[in-house]
Amino acid sequence: MPDTESSVLYWGSDPVRFSPGETIAAALQRHGVTDLGAGVGELHGRYFCGIGTCQACLVSVSGASAVEACLTLAQAGMRLSPALLPGHPDAPGAGA
Ligand code: FES
């Protein structure tokens, strides 16, 4: 895999390299990121089912609504963070 900025996304400020066709979850797992922050209900954010069912892998892309990391293809320059789930004061559409 070429070692270029075209195959890098960011978990917070941490650069994460990925391969073409790889999901966000796969890239984060390979990089050693297993804690995806607050999850849904009692669950902590993490990679679990891998098929979009459990919703445990939700992450925010550039502060926008949450996406399933296991289904979403990694793209260069993505800025990922723990999901801003409904009820979080910083979630899209919340407050003010
Ligand atoms: S790991 Fe279950 S929805 Fe992504």
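## Briefing: one helix and a five-stranded sheet

The chain has one helix and five strands, where helices (H or I, at least four residues) and strands (E, at least two) are DSSP runs, numbered from the N terminus. Keep in mind that this is a predicted model: local features need pLDDT of at least 70, side-chain atom pairs count only at pLDDT 80 or more, and totals for chains, interfaces and linings use all residues. Residue numbers start from 1 along each chain as its sequence is written. Going along the sequence, you meet the pattern β-β-α-β-β-β.

**The sheet**

- The five strands make an open sheet in the order β2-β1-β5-β3-β4, with mixed pairing; two strands count as paired if DSSP finds at least two bridges between them.
- Because β2 (14-17) and β4 (66-68) stand at the edges with a single partner strand each, one side of each has no neighbour in the sheet.
- From one strand to the next, the twist averages 40 degrees.
- Strands of a sheet pair through backbone hydrogen bonds, either parallel or antiparallel.

**A look at β1**

- β1 (residues 8-11) pairs with β2 in the antiparallel sense, over four bridges, and V8 has R17 in β2 as its bridge partner.
- β1 and β2 form a hairpin with two residues between them, and G12 in that turn has a positive phi of about 65 degrees.
- With β5, β1 pairs in the parallel sense over two bridges; here W11 stands opposite L80 in β5.
- Side chains alternate along β1: L9 and W11 point to one face and are buried, while V8 and Y10 point to the other and are not.
- "Buried" here means that 20 or more other C-beta atoms lie within 10 Å of the residue's own (exposed is 12 or fewer, partly exposed is in between), with C-beta atoms placed from the backbone.

**The helix**

- Helix α1 (residues 24-31) packs on the sheet and touches β1, β2, β3 (58-61) and β5 (79-82).
- The direction of α1 makes about 110 degrees with that of β2; axes are lines fitted to C-alpha atoms, for helices over the stretch in contact, and angles run from 0 to 180 degrees between N-to-C directions.

**The whole chain**

- Buried residues make up 27% of the 96 residues.
- Of the contacts (C-beta atoms, placed from the backbone, within 7 Å) between residues at least 6 apart in sequence, 36% join residues at least 24 apart.

Conventions:
Contact = placed C-beta atoms within 7 Å.
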